[in-house]
Amino acid sequence: MIDPSQIFLEVIGAKFIDPKWSGKPHQAFKNLPNSSKGDAGEEFIKRYVSALGFTVEKTERLGDWDLKIENKKFEVKLASEDISGSLQFNHIRYDSKYDYLLCLGVTPDNLVFGIWKKGEVAEGVAGSLVSMGKNQNSSFKLTKKVSSLENINKLKDKLLTILPLPATL
């Protein structure tokens with residue numbers, strides 16, 4: 001007898017996680033619901049940057065920015081590596097009031113990032129932004145190759161070049 005549940009589970013198993021993530025350190029991230037991934041990225045950046053000695057505040061949910069680091073407003077976007085080795089950072093907005101865009105990329109076994117001033121995002125320095133929907137001009141996505149971003153271990157050095165020196169350092 002044909003078991004439809006078994007066929008369904010096989011399909012889910014094949015589609016749920018790309019084989020390149022299987023058995024890798026960040027596989028658990030890939031298994032999170034999409035709605036939780038962004039929150040996890042923001043909380044990670046908050047804790048990591050705080051551990052690095054910077055003052056960090058979290059904003060109210062659904063504000064124009066996610067974290068305030070040394071009194072500068074950061075919009076944090078998170079993406080996981082796709083099959084082609086790219087990251088798609090979604091829902092970037094020109095009209096939000098932030099100072100910097102911080103993109104955190106998750107690969108099967110690494111974390112990478114990029115930071116750009118809001119003006120640099122608007123000028124295309126971060127890369128080309130593509131509309132998230134047909135005839136829509138309010139929300140954009142930024143696609144980056146993993147190799148074009150920096151290893152997370154360089155985040156402290158990058159922050160020290162753009163922010164005032166924290167009192168704790």
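These notes walk through the predicted model, from the whole chain down to one buried residue.

1. **Overall layout.** The chain holds 5 helices and 9 strands. Read from the N terminus, the elements run α-α-α-β-β-β-β-β-β-α-β-β-β-α. Start by finding the three helices that open this list. Then follow the run of strands after them.

2. **Extent and burial.** The C-alpha atoms fill a box of roughly 70 × 40 × 30 Å along the principal axes. Of the 169 residues, 38% count as buried. Take the contacts between residues at least 6 apart in sequence: 59% of them join residues at least 24 apart.

3. **The six-stranded sheet.** This open sheet has the order β1-β2-β3-β5-β6-β9, and its pairing is mixed. Which strands stand at the edges? They are β1 and β9 (150–151). Each has a single partner strand, so one side of each is left without a neighbour in the sheet. As background, strands of a sheet pair through backbone hydrogen bonds, either parallel or antiparallel.

4. **Helices on that sheet.** Helix α3 (residues 34–51) packs on the sheet and touches β1, β2, β3, β5 and β6 (111–117). The direction of α3 makes about 155° with that of β1. Helix α5 (residues 155–162) lies across β3, β5, β6 and β9. It runs at about 10° to β6.

5. **Strand β3 and its two partners.** Why is β3 described as largely enclosed? In this strand (residues 72–80), 7 of the 9 residues are buried, so the rest of the structure largely encloses it. On one pairing, β3 runs antiparallel to β2, with 3 bridges joining them. On the other, β3 pairs with β5 (residues 100–106) in the parallel sense, over 7 bridges. Both kinds of pairing can therefore be seen on this one strand, in a sheet whose pairing is mixed.

6. **Matching residues across the strands.** Ile-69 stands opposite Lys-72 in β3. The bridge partner of Phe-74 in β5 is Tyr-100. Ala-79 stands opposite Gly-105, also in β5. Use these pairs to check the strand directions on screen.

7. **The β2–β3 hairpin.** β2 and β3 form a hairpin with 2 residues between them. Look at Glu-70 in the turn: its phi is positive, about 50°.

8. **The three-stranded sheet.** A separate listing gives an open sheet in the order β4-β8-β7, with antiparallel pairing. Here β4 (86–92) and β7 (129–131) stand at the edges. Each has a single partner strand, so one side of each lacks a neighbour in the sheet. Neighbouring strands are turned by 30° against each other on average, direction ignored. Strands β7 and β8 (residues 140–145) are joined by 3 bridges. Leu-129 stands opposite Leu-142 in β8.

9. **Asp-66, a residue to inspect.** Asp-66 sits in the loop between β1 (56–58) and β2 (67–69). Asp-66 is buried, yet has no salt bridge. How far away is the nearest side chain of opposite charge? That side chain belongs to Lys-77, 5.7 Å away, and a salt bridge needs the charged atoms within 4 Å.

10. **What surrounds Asp-66.** Its side chain reaches the backbone nitrogen of Val-76 at 2.8 Å. Leaving aside neighbours within four places in sequence, Asp-66 contacts several residues, among them Glu-42, Glu-57, Lys-58 and Phe-74.

Technical notes. Residues numbered from 1 in each chain as written. Predicted model: local features only at pLDDT ≥ 70, side-chain atom pairs only at ≥ 80, totals over all residues. Heavy atoms only, no water. Helix = DSSP H or I, 4+ residues; strand = E, 2+ residues; numbered from the N terminus. Buried < 20%, exposed > 50% of the residue type's maximum accessible area, 1.4 Å probe, protein only. Lys, Arg positive; Asp, Glu negative; His and termini not counted. Polar contact = N/O pair within 3.5 Å; in protein donor to acceptor, adjacent residues only side chain to side chain. Contact = heavy atoms within 4.5 Å. Pairing = 2+ DSSP bridges. Axes fitted to C-alpha atoms, helices over the stretch in contact; angles between N-to-C directions.
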